[in-house]
Amino acid sequence: MSAATDITTGARQGDSPAPKGFAARRTFAIISHPDAGKTTLTEKLLLAGGAINMAGAVKARGENRRARSDWMEIEQSRGISVTSSVMTFEREGITFNLLDTPGHSDFSEDTYRTLTAVDSAIMVVDVAKGIESQTRKLFEICRLRDIPIITFANKVDREGRNAFEVMDEVEEALQLSVSPQVWPVGMGSDFHGCYDLFTNEYLYSSLRAGGPCDSVKQMTGIDDPALDAMVPEHVLTRFREEAELAREGYAPFDADAYRQGHLTPVVFGSALRDFSVDQLLRIVARFAPPPRSQPSDKGPVDPRTNAVSAFVFKVQANMDPNHRDRVAFVRFCSGHFKRGMKLNHVRSGKPLAVNNPIYFFAQERDLAEEAFAGDVIGIPNHGTLRVGDTLTEGETFRFTGLPSFAPEVMRRVRLEDTMRMKQLRRALEDLAEEGLVQVFKPVIGSNWIVGVVGPLQLDVLASRIKQEYKTDIGFEPVPFSTARWISSPDEKKLKTFIDENKMSVAEDRDGRPVFLPKGDWELRYARERNPDLRFDETRELV
Ligand code: GDP
């Protein structure tokens, strides 16, 4: 792409100034099934955005795993990405905040929360595999939150389904209109390049067919004779037929339909070989929505509101093993934040001076001097900030919609060395704070019970407690199958229930009562017997 092209409009230099402030923010996540190519695409987006200079900086596997995740041995040994983080980069007047979501299904809660902090998403699909289970789940979360999606159909250099099959599968599986943006010129062994159906740019490798993309040629259209000299006849003929059919057969691109979540633009490409990554970034810049209003208990908060507001969607402890820091990831929703500002920490009712906010550039951290709606920064703290917390300037209110899910796997924590009780308590507090586990203290008995959404989280928990708190733990089965937050407008009835069910009641880490049923039948029974009590599966984090 020419350096003179304005990424926000696709227009040539001098046409229109880039938007400033919140309107120039694109806060998005990449969702995919493991192995579809999310890490590779992330790395290539950062390269295209000029955030990193060298490929290999965001490797998912092997020794080159990004430094900031090095503390997580398990992440390396299993070769999966289990933490979310943020990567900020700028290109041509647009600030991109890319939030990393863990791909493994056991971390859906963390992913869900991360998706509360984005305005759009890129869905990566492997052309050979189509829509896989995890992609579908994540897509459902996006749909629930009306997050518009751009589809990146990856690995066109590999033998896969033909492009129409991929389009049709996305359309059918997700019940969305699909609109082709960039189409492959041959696939698998026939792969020669990609063609941007809107700009009529042909992307190819000057080295060899199927090599890494290093060249772009402006065509007059798919019939441009220049293509005949570059692509073998049988591949080109087929491409021209397909491109014609694709343009006619699918929905024309409609920015509003995309933003409302009814249509997904589809970009065929190869993250590994750099095909269509630039196109993808341009589409995000030009069409992906800028920060939208966020729900709160005082109604939606418009990003144009002058007063600063933000919420914490993630807390990460021990990011740097040398410093016992804890970082709260904060998404701004309105106003113009400046470093040193005093904000209201709504949950505690106390002011919070934000003196050392951090921006996370691809490989570095830097002090954030300012932030607009859509921006994500890290606030180092010693446990004051929790997931779900709201920060405001002036008027106080709370952002809503960050749920805590009922766990599906419950275990009692066994401490191998009882002298390390203090460390264990600290570890569970910290990691519950991060949202890795939920911790319950039974009314009767002394051992903590932990609840997780998926069993892999238990391995992560044990590994992190061993590594970061030098404490060995094991897990023992408990008869409980899940947890329900109990409440009632009638305090007396609640107390009676707790007294009568002491063996199955615990407190969560905020001291709220939780019922631990042994199975669905017991939960049903308790509900029937206690119509005045609420048994909540999720609770809003406040
Ligand atoms: P993630 O699990 O979704 O983060 O996937 P990765 O980015 O780690 O990619 C999984 C595998 O697919 C790796 O071996 C990548 O090198 C490979 N891969 C990613 N993109 C492409 C592509 O465009 N073409 C081919 N042939 N392989 C790719």
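Select Lys-470 to begin, a residue placed in the loop between α11 and β25 (473–477), where helices (H or I, at least four residues) and strands (E, at least two) are DSSP runs numbered from the N terminus. The phi of Lys-470 is near 50 degrees, a positive value in a residue other than glycine. Lys-470 is exposed, with 11 other C-beta atoms within 10 Å; a residue counts as exposed if 12 or fewer other C-beta atoms lie within 10 Å of its own, as buried if 20 or more do, and as partly exposed in between, with C-beta atoms placed from the backbone.

Before moving on, note that this is a predicted model, in which local features need pLDDT of at least 70 and side-chain atom pairs count only at pLDDT 80 or more, while totals for chains, interfaces and linings use all residues. Residues are numbered from 1 along each chain as its sequence is written.

**The α10 and α11 pair**

Next select residues 421–434, helix α10, together with residues 456–469, helix α11, whose axes come within 11 Å and cross at roughly 125 degrees. These axes are lines fitted to C-alpha atoms, for helices over the stretch in contact, and the angles run from 0 to 180 degrees between N-to-C directions. The two helices are therefore oblique to each other, given that angles under 35 degrees count as roughly parallel, over 145 as roughly antiparallel, 65 to 115 as roughly perpendicular and the rest as oblique. The crossing of α10 and α11 is right-handed, a term used if the near helix is turned clockwise from the far one by less than a right angle, with left-handed used if the turn is anticlockwise.

To display the contact itself, show Gln-423, Arg-426, Ala-427 and Leu-431 of α10 alongside Leu-461, Arg-464, Ile-465 and Tyr-469 of α11; two residues are in contact if their C-beta atoms, placed from the backbone, lie within 7 Å. The residues of this contact divide into five nonpolar, one polar and two charged, where Ala, Val, Leu, Ile, Met, Phe, Trp, Tyr, Cys and Pro count as nonpolar, Asp, Glu, Lys and Arg as charged, and the others, Gly among them, as polar.

**The ligand and helix α1**

Now centre the view on the ligand, which has 18 residues around it, and label Lys-38, Thr-39, Thr-40, Ser-270 and Leu-272, the ones that come nearest; a residue is near a molecule or strand if its C-beta atom, placed from the backbone, lies within 6 Å of it. By class, this shell has five nonpolar, seven polar and six charged residues. Which helix gives the most to the shell around the ligand? Helix α1 (residues 38–48) does, with three residues.

Keep α1 selected and look at its surroundings: 11 of its 11 residues are buried, so α1 is largely enclosed by the rest of the structure. The elements that cover the buried residues of α1 include the strands β1 (25–32), β2 (86–91), β3 (94–99), β4 (120–126) and β5 (149–154), as well as the helix α9 (277–287).

Add α9 to the selection, since the axes of α1 and α9 come within 9 Å and cross at roughly 75 degrees. That makes α1 roughly perpendicular to α9. On the α1 side Lys-44, Leu-45 and Ala-48 meet Val-277, Asp-278 and Leu-281 of α9, and the residues of this contact divide into four nonpolar, no polar and two charged.

Then inspect what lies on either side of α1 in sequence. In the loop between β1 and α1 is Asp-35, which has a positive phi of about 85 degrees although it is not a glycine. Asp-35 counts as partly exposed, with 17 C-beta neighbours inside 10 Å. After α1 comes Gly-50, whose phi is also positive, near 75 degrees.

**Further stops**

Move to Glu-140 in helix α4 (residues 133–144), which counts as exposed with 11 C-beta neighbours inside 10 Å. Draw a distance from Glu-140 to Leu-174: the two are 34 residues apart in sequence and 8.5 Å apart in space, C-alpha to C-alpha.

For the last selection, take Asp-490, found in the loop between β26 (484–487) and α12 (491–500). Asp-490 and Val-170 are 320 residues apart in sequence and 49 Å apart in space, C-alpha to C-alpha.

Finally, zoom out to the whole protein, which contains 13 helices and 30 strands, and in which 46% of the 542 residues count as buried.
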